[in-house]
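I opened this notebook to record what I looked up in the structure. The entries follow in the order in which I made them.

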Amino acid sequence: MIGALMLFFLADDLSASRFFPLAAGNRWVYEDTAAPGSTFESLVKAEVNPPFDPRDEALIEKPQRYFPVEMREDGKLRQVICYREHDNTLLQVGNGIDKPMVPRPLMVVSKKPFDWDYYGDSISEYLTESIHYVANSAFGSTEPILGKPHQTLVVNVTMSVGPKKVGVEIKQVWRYAADVGLYEVTEDGHVGKSKVHHVRRLTQFEAGGSA
């Protein structure tokens with residue numbers, strides 16, 4: 001009975017931060033079937049406060065703060081992705097510290113399954129159309145993550161651009177665990193005539209301050 005009540009209250013917490021805890025120092029380590037033997041890390045850096053000058057007429061509203069996350073492969077920095085959380089939504093707001101983008105919703109926490117779609121920038125000079133994202137978020141089951149049970153949230157995303165045979169169509173399943181974050185990503189589909197399939201799994205999580 002106590003366990004059922006705990007799960008009820010957990011599912012009632014609809015903040016995005018519960019399923020993707022952005023705190024400086026948080027570190028996730030992954031392995032990927034596409035690169036056996038390699039180590040992939042995500043490290044949250046200190047929150048950035050964008051400069052704001054109220055005299056600047058080009059700024060309609062004060063820029064919002066965000067967290068840069070360093071993406072490393074075998075210790076080498078490959079990319080910096082900037083995130084912001086707004087209530088129940090996780091937003092990607094940049095592809096680098098100085099590379100802002102139109103906020104892109106990546107995950108929505110909702111009591112009922114939630115559907116959304118949006119268009120993003122083209123990923124290839126040969127494909128001039130915008131990428132179409134169709135997404136769905138829903139609570140999953142309780143799963144053992146790193147040896148402990150956690151409520152999960154599952155986000156299904158289909159990315160498509162261009163003609164089916166020569167374009168891109170990739171289906172992704174993003175799995176998040178409460179109080180841990182992203183613990184598994186699966187991708188299946190094709191880029192042109194090349195097939196895509198890989199799974200990235202969490203092997204270690206360190207909360208901020210422990211590194």
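I began with the aromatic rings of this predicted model and found that ring pairs join Phe20, Trp28, Tyr83, Tyr176 and Phe205 into a cluster. The structure as a whole holds seven aromatic pairs. For Phe20 and Trp28 I noted ring centres 5.6 Å apart and planes at 10°, so I entered the pair as stacked, the limit for that class being under 30 degrees.

I then looked up the accessibility of these two residues. Phe20 is buried because its relative accessibility is 7%, under the 20% cut-off. Trp28 is also buried, at 1% relative accessible area.

Next I turned to the largest pocket, for which I recorded about 1000 Å³ of space. The pocket is lined by 37 residues, and those closest to its centre are Met71, Gln79, Ile81, Tyr83 and Trp174. Tyr83 is thus listed both here and in the ring cluster. I sorted the lining by class and obtained 22 nonpolar, seven polar and eight charged residues.

I also checked for a charge over a ring. The charged end of Arg200 sits over the ring of Phe40, 4.0 Å from the ring centre.

My last entry concerns Thr203, which belongs to strand 12 (residues 194-206). I entered Thr203 as partly exposed because its relative accessibility is 40%. Which residues does Thr203 contact, leaving aside its neighbours within four places in sequence? I listed Val29, Tyr30, Glu31 and Leu146. The C-alpha atoms of Thr203 and Thr39 are 9.5 Å apart in space, while the two residues are 164 residues apart in sequence.

Definitions and conventions: Residues numbered from 1 in each chain as written. Predicted model: local features only at pLDDT ≥ 70, side-chain atom pairs only at ≥ 80, totals over all residues. Heavy atoms only, no water. 1 Å grid on protein atoms, 1.4 Å probe; cavity = no way out; pocket = protein on both sides within 12 Å on 5 of 7 lines; lining within 4 Å. Points joined across faces, edges and corners; volume = space filled by probe spheres on them. Nonpolar A, V, L, I, M, F, W, Y, C, P; charged D, E, K, R; others polar. Phe/Tyr/Trp six-rings, centres within 6.5 Å; stacked < 30°, edge-to-face > 60°. Buried < 20%, exposed > 50% of the residue type's maximum accessible area, 1.4 Å probe, protein only. Lys NZ or Arg CZ within 6 Å of the ring centre and 35° of its normal. Helix = DSSP H or I, 4+ residues; strand = E, 2+ residues; numbered from the N terminus. Contact = heavy atoms within 4.5 Å.
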